[in-house]
Amino acid sequence: MALSDADVQKQIKHMVAFIEQEANEKAEEIDAKAEEEFNIEKGRLVQQHRVKIMEYYEKKEKQVELQKKIQNSNMLNQSRLKILKAREDQLKELLEEARTKLHNITKDKARYRKLLEGLITQGLFQLLEGKVQVMCKPEDTSAVQELLPSVIKKYKDATKKNVIVTIDQENRLGTNVPD
């Protein structure tokens, strides 16, 4: 059986169509595979860069936190220094005021004697010793000597203990109080 030209042409067209169909399917397969590989690679690269970006921002965040901590620490130290300075200034002011008041009290003999008596008594109560030596200014020696019996009596009445109090004649307090 011999095929006619029309049959051969038809069969060739049919074969060409079949080959084209196969080629198109293969091309679609290749495109699909390429698309899939592209998407996989794209996803991998995106994830890789996302991780890098996240690490970068985490590092930046840690740097910012560290800077905040350093800044807070510096501010805290500065405020502490200001508080210490203010406290020191206040203490200086109080000491100066106390010096002035003490100097003024020494001019009022009755108040000064009462102050001396209170200070010596307070000293005895804080020390709680059997023998105590009192240091005073040379000009206060006679006043202190007169006050000792009443001071010792107050101490003995309160503690039920004896105490011997003497005035240190070798070591004297200075008089560096402002006039």
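**Charges on a predicted model**

Visitor: How far apart are the closest N and O atoms in the salt bridge that E88 forms with K92?

Guide: Glad you asked! In this predicted model, E88 and K92 both sit in helix α1, four residues apart, about one turn of the helix. E88 counts as partly exposed because its relative accessibility is 40%. The salt bridge between E88 and K92 has its closest N and O atoms at 3.5 Å.

Visitor: Which residue meets K68 in a salt bridge?

Guide: The two partners are three residues apart in helix α1, so about one helical turn separates K68 and E65. K68 counts as partly exposed at 45% relative accessibility, and so does its partner at 38%. With 4.0 Å from N to O, the side chain that K68 meets is that of E65.

Visitor: Which residue does R113 meet in a salt bridge?

Guide: Here the N to O distance is 3.0 Å for R113 and E146. R113 lies in helix α2 (residues 109-127) and E146 in helix α3 (residues 141-159), so this pair ties together parts that are 33 residues apart in sequence. R113 counts as partly exposed at 31% relative accessibility, whereas its partner is exposed at 52%. The residue you want is E146.

Visitor: Is the surface patch that includes E22 negative or positive?

Guide: E22 lies in helix α1 (residues 5-107) and counts as partly exposed, because its relative accessibility is 40%. Its fellow patch members are E25, E28, E29, D31 and E35. Asp and Glu count as negative, and the patch is negative.

Visitor: And how many salt bridges does the structure hold?

Guide: The pairs E88 with K92 and R113 with E146 are among them. The structure's total is 10.

Conventions. Residues are numbered from 1 along each chain as its sequence is written. This is a predicted model: local features need pLDDT of at least 70, side-chain atom pairs count only at pLDDT 80 or more; totals for chains, interfaces and linings use all residues. Side-chain values use heavy atoms; hydrogens and water are left out. Patches are made of residues with over 30% relative accessible area and no salt bridge: like charges are joined within 9 Å, nonpolar side chains (Val, Leu, Ile, Met, Phe, Trp, Tyr) within 5 Å. Accessible areas come from the Shrake-Rupley method with a 1.4 Å probe; for residues, only the protein chains shown count as cover. The place of a charge is taken as NZ of Lys, CZ of Arg, CG of Asp or CD of Glu. Helices (H or I, at least four residues) and strands (E, at least two) are DSSP runs, numbered from the N terminus. Buried means under 20% relative accessible area, exposed over 50%, partly exposed in between (1.4 Å probe, protein chains only).
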